[in-house]
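User: Could you take a close look at one strand in the middle of this fold for me, and then walk outwards from there? I'd like the packing, the neighbours and the charged contacts in one connected account.

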Amino acid sequence: MTTQELVAQIKKKKSFLCIGLDVDLNKIPEHLLKEEDPIFEFNKAIIDATHHLCVAYKPNTAFYEAYGLKGWKSLEKTINYLNKKYPEIYTIADAKRGDIGNTSTMYAKAFFEDLAFDSVTVAPYMGKDSVEPFLAFENKHTIMLALTSNEGAFDFQTKKIDDLEVYKHVLETSKNWQNSKNLMYVVGATKAEYFKEIRKIVPNSFLLVPGVGAQGGNLEDVCKYGLSKNIGLLINSSRGIIYASKDVNFANEAAKKAKELQVKMATLI
């Protein structure tokens, strides 16, 4: 999916909501555990109930890898279902990969070619030759960690080198990499006060923003400084939506939570 197609969906739906599909079998409704593939059945129900309210879904691959081959099969079925039933939806493999040369190429092939995701998250710690193999894929996006929402982000990301914070070095340097037009960045919602500075460096890039909802991030604060001329934001909510209920009608309850965010977003764009 191209950036232009993503922007068109955002404007059509009046939403820049991304729903995280982070499935924990200990948290899903008990009746689903009787199904042959409870993870996929849970995802399918959530997707069918919320697809009209969001523009993206983001499975965190750790929640599938933890269940071995069965979990990976559930991920494959989920992305195939999305691509077949809702091809207008933008898909993000939240895998946080990052390795040198040929290894990164193989990671990219796994998510872009085999699973056919639109984008994948990567870690930039090893530099450009760990990220550029992802950027080489046409009409695919690489979403690079920039400033994350966790407490440990302050261990490195906000430290200064030559009077400039490390995350700013990451943003500035990445703009010079080959095919950098395919870059997006992860910026945590709990770091809302930093968005003004980030937009000075990457004024038009899309930012994937986790941390709204369960982690305490505030939608209005993020939008105040984070919105660009083409919206430029994908606001992710995972637990706050998908685990709204453990009852049989869990998908409808998830849709209500998604609707609350979508209505707020419609007033902000």
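Analyst: Let's start with strand 4, which is covered on both faces: S119 and T121 on one side are buried, and so are V120 and V122 on the other. Keep in mind that this is a predicted model. As for how the residues sort themselves onto two sides, side chains in a regular strand alternate between the two faces of the sheet.

Now for the neighbours. Strand 3, residues 90-97, pairs with strand 4 in the parallel sense, over three bridges. If you want a spot to click on, I92 stands opposite S119 of strand 4. To get from strand 3 to strand 4, the chain goes through helix 5 (residues 101-114), and this β-α-β crossover is right-handed.

Strand 4 is also joined to strand 5, residues 141-147, by four bridges, and these two run parallel as well. Here V122 sits opposite M144 in strand 5. The chain crosses from strand 4 to strand 5 through helix 6, in a β-α-β crossover that is again right-handed.

Step off the end of the strand and the picture changes. M126 lies in the loop between strand 4 (119-122) and helix 6 (128-135). M126 counts as partly exposed because its relative accessibility is 41%. Together with I100 and Y125, M126 forms a nonpolar patch on the surface, with about 390 Å² of accessible area between the three of them.

On to the charged contacts, where the count comes to 13 salt bridges. In general, side chains of opposite charge can pair when their charged atoms come close. One of the pairs is K77 with D37, whose closest N and O atoms are 3.0 Å apart. That pair ties together distant parts of the chain: K77 belongs to helix 4 (residues 68-85), while D37 is in the loop between strand 1 (17-20) and helix 2 (38-50), 40 residues apart. The two ends sit in different surroundings, too: K77 is partly exposed at 37% relative accessible area, whereas D37 is buried at 11%.

Compare that with a local pair, D48 and K44, whose side chains meet in a salt bridge at 3.4 Å, N to O. Why are they only about one turn apart? D48 and K44 are four residues apart in helix 2, so about one helical turn separates them. D48 is partly exposed, with 27% relative accessible area, and K44 is partly exposed with 28%.

Then there's E165 with K168, another salt bridge at 3.4 Å, N to O. Both E165 and K168 are buried. They don't stand alone, either: salt bridges with shared partners join E165, K168, E197 and K200 into one network.

Last, the cysteines, in case you were planning to set up bonds between them: the disulfide count is zero. The sulfur of C18 has its closest cysteine sulfur in C54, at 7.5 Å, which is too far for a bond, given a cut-off of 2.5 Å. Seen from the other end, C54 is in no disulfide, as its nearest cysteine sulfur is that of C18, 7.5 Å away. C18 is buried, at 0% relative accessibility, and C54 is buried too, with a relative accessible area of 0%.

Definitions and conventions
Residues are numbered from 1 along each chain as its sequence is written. This is a predicted model: local features need pLDDT of at least 70, side-chain atom pairs count only at pLDDT 80 or more; totals for chains, interfaces and linings use all residues. Side-chain values use heavy atoms; hydrogens and water are left out. Buried means under 20% relative accessible area, exposed over 50%, partly exposed in between (1.4 Å probe, protein chains only). Patches are made of residues with over 30% relative accessible area and no salt bridge: like charges are joined within 9 Å, nonpolar side chains (Val, Leu, Ile, Met, Phe, Trp, Tyr) within 5 Å. Accessible areas come from the Shrake-Rupley method with a 1.4 Å probe; for residues, only the protein chains shown count as cover. A salt bridge is a side-chain nitrogen of Lys or Arg within 4 Å of a carboxyl oxygen of Asp or Glu. Two strands pair if DSSP finds at least two bridges between them. A crossover is right-handed if, with the strands pointing away from the viewer, the path from the first strand over the helix to the second runs clockwise.
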